[in-house]
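Here's a quick briefing to read with the model open beside you. Start with the question just below the structure, then dip into whichever topic you like.

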Amino acid sequence: MQKSEIRVGGLGGQGVILCGMIIGKAASIFDGKHATLIQAFGPEARGSACSAQVTVADEAIGYPYVKNPDVLIVMSPDAYTQFAPQLSPGGMLLYESDLITLDETLPKGVRAFGVPATRFAEELGRRLVLNIVMTGFFAGVTGLLSFESVEKAVKSSVPKGTEDLNLRAFRKGYEYGREQAAVKN
Amino acid sequence: MTLEGFPQSLALRDGTLVTVRPLETADAKAVQAFYRSLPEEDRLYLKDDVTDAGWWQRFATLVASGEVVSLIGEREGKVVAEASLYRALRGWSTHVGELRISVARALRRDGLGTALARELVKIATRLGIDKIMIEVVENQAGARRMFRRLGFRQEAVLRGHVKDINGTKRNLVLASTDVSHIWDAMEALVADFSPSQE
Ligand SMILES: CC(C)(COP(=O)(O)OP(=O)(O)OC[C@H]1O[C@@H](n2cnc3c(N)ncnc32)[C@H](O)[C@@H]1OP(=O)(O)O)[C@@H](O)C(=O)NCCC(=O)NCCS
């Protein structure tokens, strides 16, 4: 069975869980796949480590925990240091390139794609949408889920009145992701 | 910036159809003609001297740089309204925008001013603006009423701040509306609080 294990890591306040939720929702509700989501929070919320584990598969998922992610999305240096060594061989790292510098923790054979998501979010007008830029970047680079599914999942997950800017953030991340994937493949 | 969802066709209260779209450089003549056609009484209360020869060039530069987002209303090839959102691209007030709206006399009181203001408020929130201001001369009762109905509240009065063409000093009213609350929900959503910890 086709199965992808995804981990999202960052700090509380960056929207890590929202990013995981949207990916899970896009897969299960809009793409007709099976998905599970596990959220992990640090001892305190804002500013402390937090992560989400998402498993997407064609069939029902028996074991929802992500041990060696195929795709790792990281938004903070700590999350990178903690989770990058667990990436499966041939896996993909998607990282916030203004906040994280790659080093030898990255396993060999992993393909890494960076995006200045915070900067993009600020340019769009709200730092808050950084996680949506990352979500778009994920969709663009991996092609794991259809553009439409993730777009719908974004639209239905964000608060009323904020859809417009969030969808722009999504598209910005998506397009940048497509470009980066094309360059590296 | 590119604005999505335009041109729009707007039916005014009396049935008149007006096309609303972003201003383009090719509109120079039509917009200037619109402003020149406004009676002096109206132009008295515009912040800029829109009949000044250099006005269009200055305005077009602001539009090109993104400091101004301008929409125009058009009917039968003529400009019948202009509405702009001014904002600072740098500095400590990048979260603040200012609206300025003018509607041709013949089309007033049919909802065009309100529709343009609403459209610009939408664009402003999209741009990440939190607070929207207007500056109106105290005796512009119509404009003050329209913005009041749109949720703007008086924030300050600057005494004798405006001099009209006759040299009479008038008070300037600053009113504003806060649109940041829509982002509070997003902030809560990305807080990544564990429900059990709240
Ligand atoms: C202010 C201005 C833009 C309003 O445009 P408009 O298309 O007539 O506005 P609307 O039809 O949407 O009016 C909405 C409401 O505002 C109020 N209003 C507008 N003009 C009014 C007037 N002259 N007298 C009293 N109330 C008025 C009314 O409550 C009106 O609703 P109603 O017609 O149902 O009573 C227009 O009068 C204008 O261009 N004035 C000169 C420039 C100016 O003052 N601009 C504002 C500075 S930012």
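Which residues of helix α3 (residues 55-65) of chain B are buried? In this predicted model, the buried ones are W55(B), W56(B), F59(B) and A60(B). They sit on the same side of α3(B), because the arc they cover around the axis is only 120°. The rest of the briefing follows that helix outwards, then turns to chain B as a whole, its odd backbone spots, and a pocket that draws on both chains.

**Around α3 of chain B**

- Flip to the other side of α3(B) and you'll find Q57(B) and A64(B), both exposed.
- The cover over the buried residues of α3(B) includes three elements of chain B: α1 (28-37), β3 (68-75) and β4 (78-87).
- One residue of helix α1 of chain B is A28(B), which counts as buried because its relative accessibility is 16%, and the cut-off for buried is under 20%.
- A28(B) and F59(B) are 31 residues apart along the chain, and their C-alpha atoms are separated by 9.9 Å.
- Just after α3(B) comes G66(B), with a positive phi of about 90°.

**Chain B overall**

- Chain B has 6 helices and 8 strands, and along the sequence they run β-β-α-α-α-β-β-β-α-β-α-β-β-α.
- With a radius of gyration of 18 Å, close to the 16 Å that the globule rule gives for 198 residues, chain B is as compact as a globular protein of that length.
- The C-alpha trace of chain B spans about 65 × 40 × 35 Å along its principal axes.
- Buried residues make up 46% of the 198 in chain B.
- Take the contacts in chain B with a separation of 6 or more: 57% of them come from residues 24 or more positions apart.

**Backbone oddities in chain B**

- Some background first: most residues other than glycine have a negative phi, and most peptide bonds are trans.
- The peptide bond from F6(B) to P7(B) is cis, with omega near 0°, and P7(B) is found in the segment before β1 (8-11) of chain B.
- E76(B) isn't a glycine, yet its phi is positive at about 50°.
- Look for E76(B) in the loop between β3 and β4 of chain B; its relative accessibility is 74%, so it counts as exposed.
- R109(B) is another non-glycine with a positive phi, this one about 65°.
- The loop that holds R109(B) runs between β5 (96-103) and α4 (112-126) of chain B, and R109(B) counts as exposed because its relative accessibility is 70%.

**A residue in β1 of chain B**

- S9(B) is part of strand β1 of chain B, and at 57% relative accessibility it counts as exposed.
- Leaving aside neighbours within four places in sequence, S9(B) is in contact with L17(B) and V18(B).
- From S9(B) to S176(B) is 167 residues in sequence and 28 Å in space, C-alpha to C-alpha.

**α3 of chain A**

- Over in chain A, the buried residues of α3(A) are A117(A), T118(A), F120(A), A121(A) and L124(A).
- Those buried residues line one face of the helix, because seen down the axis of α3(A) they fall within an arc of 160°.
- What do the buried residues of α3(A) pack against? In chain A the partners are β5 (92-96), β6 (111-115), α4 (130-142) and α6, and chain B adds its α4.
- G125(A) follows α3(A), and its phi is positive, near 120°.

**The second largest pocket**

- The second largest pocket has a volume of about 790 Å³.
- It is lined by 33 residues, and the closest to its centre are E122(A), E123(A), L124(A), G125(A) and L127(B).
- The elements giving two or more residues to this lining are α3 (117-124) and α6 (163-184) of chain A, plus α3 and α6 (181-189) of chain B.
- α6(A) gives the most to the lining of the second largest pocket, with 7 residues.
- By type, the lining of the second largest pocket divides into 11 nonpolar, 8 polar and 14 charged residues.

Methods: Residues are numbered from 1 along each chain as its sequence is written. Chains are lettered from A and ligands numbered from 1 in the order in which they are written. This is a predicted model: local features need pLDDT of at least 70, side-chain atom pairs count only at pLDDT 80 or more; totals for chains, interfaces and linings use all residues. Side-chain values use heavy atoms; hydrogens and water are left out. Buried means under 20% relative accessible area, exposed over 50%, partly exposed in between (1.4 Å probe, protein chains only). Helices (H or I, at least four residues) and strands (E, at least two) are DSSP runs, numbered from the N terminus. The arc is that of the directions from the helix axis to the C-beta atoms. Contact means heavy atoms within 4.5 Å. On a 1 Å grid over the protein atoms alone, a cavity is a set of points where a 1.4 Å probe fits but cannot get out, and a pocket is an open set with protein on both sides within 12 Å along at least five of seven lines; lining residues have an atom within 4 Å of a point. Grid points are joined across faces, edges and corners, and a volume is the space filled by probe spheres set on the points. Ala, Val, Leu, Ile, Met, Phe, Trp, Tyr, Cys and Pro count as nonpolar, Asp, Glu, Lys and Arg as charged, and the others, Gly among them, as polar. The radius of gyration is taken over C-alpha atoms; the globule rule is 2.2 Å times the number of residues to the power 0.38.
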